[in-house]
Amino acid sequence: MGITNSTYSGYETGKRQPDVAKIKQLAGIFHISGDILLETGYKDCKPPSQEPGLEELSSLYQSLRPEYQECALDMIRRLARLQSAD
């Protein structure tokens, strides 16, 4: 990405923030939306009218490619953190 180790470390620890170009680059690398990287838009999510069962969630998760499985887990973790902050 053309950044130093110290810059990368700053991103991970929250001491530095990537600029828009770096966010776009990261989103492209991980094939995800910049909203996921920025942790925006989650508060607008509405709960489903009917809770999916664990079996359905497991089936959906297993159908994803490995890189999307990690993304799905990351999104669930972030949603859990947002909920606990409410």
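**Reading a five-helix model, one feature at a time**

Q: Let's start with one side chain. What does the relative accessible area of Arg-77 say about its exposure?

A: Arg-77 has a relative accessible area of 42%, so it counts as partly exposed. The cut-offs behind that label are under 20% for buried and over 50% for exposed. Keep in mind that this is a predicted model.

Q: Fair enough. How confident is the predictor in the protein chain?

A: The mean pLDDT is 80, and 85% of the residues reach 70 or more. Going element by element, H1 has the highest mean at 86, and H3 has the lowest at 77. As a general habit, where pLDDT is low, don't read the predicted coordinates in detail.

Q: OK, zooming out. Which elements make up the protein chain, and in what order?

A: Reading from the N terminus, you get α-α-α-α-α. That's five helices and zero strands.

Q: And how much of the protein chain is buried?

A: Of the 86 residues, 14% are buried. The accessible surface comes to about 7100 Å², with carbon and sulfur atoms holding 55% of that. For contacts, take the pairs with a separation of 6 or more: 44% of those contacts are between residues 24 or more positions apart.

Q: How do I read a helix for its buried side? Which residues of H2 are buried?

A: Look at which residues are buried, then ask where they point around the axis. H2 covers residues 20-30, and its buried residues are Lys-22, Ile-23, Leu-26 and Ala-27. Looking down the H2 axis, these buried residues sit within an arc of 135°, so they line one face of the helix.

Q: Then what sits on the face of H2 turned away from that buried side?

A: There you'll find Val-20, Ala-21 and Lys-24, which are exposed.

Q: What covers the buried residues of H2?

A: The cover includes H1 and helix H3, which spans 34-38.

Q: And what follows H2 in the backbone?

A: His-31 comes after H2, and its phi is positive, near 55°.

Q: Let's look at H1. How do its neighbours Ser-6 and Thr-7 compare, buried or exposed?

A: Ser-6 is in H1, which runs over residues 5-13. With a relative accessible area of 53%, Ser-6 is exposed. Thr-7 also has its place in helix H1, but a relative accessible area of 11% makes Thr-7 buried.

Q: What does the side chain of Thr-7 make polar contacts with?

A: One partner is the side chain of Thr-4, at 2.9 Å. Another is the side chain of Arg-16, at 3.5 Å. That second one sits right on the edge, since the cut-off for a polar contact is within 3.5 Å.

Q: Arg-16 again. How far is Arg-16 from Ser-6, in sequence and in space?

A: Ten residues apart in sequence, and 9.7 Å apart in space, C-alpha to C-alpha.

Q: Now charges. How many salt bridges does the structure hold?

A: Three. A useful way to read each pair is to take the N to O distance first, then check the exposure of both partners.

Q: Try that on Glu-67. Which residue does Glu-67 form a salt bridge with?

A: Its partner is Arg-65, with the closest N and O atoms 2.8 Å apart. Glu-67 has a relative accessibility of 39%, which makes it partly exposed. Arg-65 is partly exposed too, with a relative accessible area of 46%.

Q: And what about Arg-77, where we came in: which residue is its salt-bridge partner?

A: Glu-70, with 3.6 Å between the closest N and O atoms. That passes because a salt bridge allows up to 4 Å. Glu-70 is partly exposed, with a relative accessible area of 46%.

Q: Which residue meets Asp-74 in a salt bridge?

A: Arg-78, at 2.7 Å from N to O. Arg-78 lies in helix H5, residues 66-85. The two are four residues apart in H5, so about one helical turn separates Asp-74 from Arg-78. The same side chains also count as a polar contact, at 2.7 Å.

Q: How do the two ends of that pair score for exposure?

A: Asp-74 has a relative accessible area of 22%, so it is partly exposed. Arg-78 comes in at 14% and is buried. The 20% cut-off for buried falls between those values.

Key: Residues are numbered from 1 along each chain as its sequence is written. Side-chain values use heavy atoms; hydrogens and water are left out. A polar contact is a pair of N or O atoms within 3.5 Å; within protein, one must be able to donate a hydrogen and the other to accept it, and residues adjacent in sequence count only if both atoms are side-chain atoms. Buried means under 20% relative accessible area, exposed over 50%, partly exposed in between (1.4 Å probe, protein chains only). Contact means heavy atoms within 4.5 Å. Accessible areas come from the Shrake-Rupley method with a 1.4 Å probe; for residues, only the protein chains shown count as cover. The arc is that of the directions from the helix axis to the C-beta atoms. A salt bridge is a side-chain nitrogen of Lys or Arg within 4 Å of a carboxyl oxygen of Asp or Glu. pLDDT is the predictor's confidence in each residue, from 0 to 100.
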